[in-house]
Amino acid sequence: MGIGAATFRELAELGARIATPGAPVMLGRQRCRLKHPHRRHYRRALERAGHEAVPLKTIFDTSGYAEKPLEFLGFGKVETMDFSDYEGAQHLADLSKPLDPKYRGRFDFVLDGGTLEHVFDIPQAFRNIFDMLAPGGTFVSVNGFTGWPGHGFYQLQPDLVWGFWKHMAHCEVVRCIALPNDPDVAPFDLPDNKGSAARREYDKVVPKGRVSIYCEIRKTADSRLAGDVLQADYETKWQNAQDEETDA
């Protein structure tokens, strides 16, 4: 997927907000190119993050990869992890399989700029990312939400984010938003639906075109993998039915 203008805006804000990670890694070697129709969006994002009057061309690498822009935004020397070394990744791993123990707790920042949608075993990939994050570390994920037919194996949904990262992994979900690929279209929140028997569906509010689901997760000292991941509305209906049987 890569880091377009809309994702760049979110990462610029995040880089200005969190402490510089000691050990950052990017899943897949993501590309980040300066697209001329969106130059004003890059400038505005940099200004809001405190980087005023910076020539845009000095931020972007001529190779088109994202390491240089990410370093400029405050994420440090970003390493890369991929299934193959065909793009020069330093770490090779199949996220569909359990992670090598040497990576446990190794990274303070993990960026998924559109890799997970191409991984067959998403639950195992989530567990791997949880394991590789150090306590206090941040995970950012940007994957297809709607409008990406044929792009990867999956388009991800809010219940999956909240169900795994908050209710199973006991992490803090700092942000979960729908992020339109067009930076002129505003993002909107995708809140946790736990406790509601009504399903949240977004077909009437989601804009046309490609829209990603962007989430920012923080692993705390109390985070742990425990419990089930259930779709929120069904979980509530099942619990209500059980309570009615108990009261009968």
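This section describes the nonpolar cores, aromatic pairs, cation–ring arrangements, cysteines and one buried threonine of a predicted model.

The largest nonpolar core comprises 38 residues, and those with the most contacts inside it are M81, V110, M132, F139, W165, L190 and I217. Two or more residues are contributed to this core by each of β1 (24-27), β4 (107-112), α4 (122-132), β5, α5 (158-168), β6 (172-180) and β8. Helix α4 provides the largest share, six residues. For M132, with residues up to four places away in sequence not counted, the residues touched are V25, M81, L95, L99, Y103, R104, G105, R106, F107 and V110. A second core, separate from this one, holds 29 residues, including A49, L56, L70 and L179.

Across the whole structure, 14 aromatic pairs are found. In one of them, the ring centres of Y42 and F60 are 5.4 Å apart and the ring planes stand at 85°, so the arrangement is edge-to-face. This pair links distant parts of the chain, with Y42 in helix α2 (residues 39-48) and F60 in the loop between α2 and α3 (67-75), 18 residues apart. Y42 and F60 are both buried. An edge-to-face geometry is also found for F145 and Y202, with 6.1 Å from centre to centre and 70° between the planes. Because F145 belongs to strand β5 (residues 133-146) and Y202 to the loop between β7 (188-189) and β8 (211-218), the pair ties together parts of the chain 57 residues apart in sequence. Here, too, F145 and Y202 are buried. In addition, F126, F139, F164 and W165 make up one aromatic cluster; of its members, F139 and W165 are listed among the residues with the most contacts inside the largest nonpolar core.

Charged side chains are also placed over aromatic rings. The charged end of R29 lies over the ring of Y65, at 3.8 Å from the ring centre. In a further case, K219 has its charged end over the ring of F130, at 4.1 Å from the centre.

The model contains zero disulfides. C32 takes part in none, as the nearest cysteine sulfur, belonging to C215, is 19 Å away. C32 is buried, its relative accessible area being 1%. For C215, the closest cysteine sulfur is that of C176, and the separation of 5.8 Å is too far for a bond. C215 is likewise buried, at a relative accessible area of 3%.

T80 is located in strand β2 (residues 79-82). Its relative accessibility is 0%, and T80 is therefore classed as buried. A polar contact joins the side chain of T80 to the side chain of Q90, at 2.6 Å. When neighbours within four places in sequence are left aside, T80 is in contact with V25, M26, G28, R29, E67, G88, A89, Q90 and H91. Of these contact partners, R29 is the residue whose charged end sits over the ring of Y65, while V25 is also touched by M132.

Methods: Residues numbered from 1 in each chain as written. Predicted model: local features only at pLDDT ≥ 70, side-chain atom pairs only at ≥ 80, totals over all residues. Heavy atoms only, no water. Helix = DSSP H or I, 4+ residues; strand = E, 2+ residues; numbered from the N terminus. Buried < 20%, exposed > 50% of the residue type's maximum accessible area, 1.4 Å probe, protein only. Polar contact = N/O pair within 3.5 Å; in protein donor to acceptor, adjacent residues only side chain to side chain. Contact = heavy atoms within 4.5 Å. Phe/Tyr/Trp six-rings, centres within 6.5 Å; stacked < 30°, edge-to-face > 60°. Lys NZ or Arg CZ within 6 Å of the ring centre and 35° of its normal. Disulfide = S-S within 2.5 Å. Core = buried A, V, L, I, M, F, W, Y, C linked by side-chain atoms within 4.5 Å.
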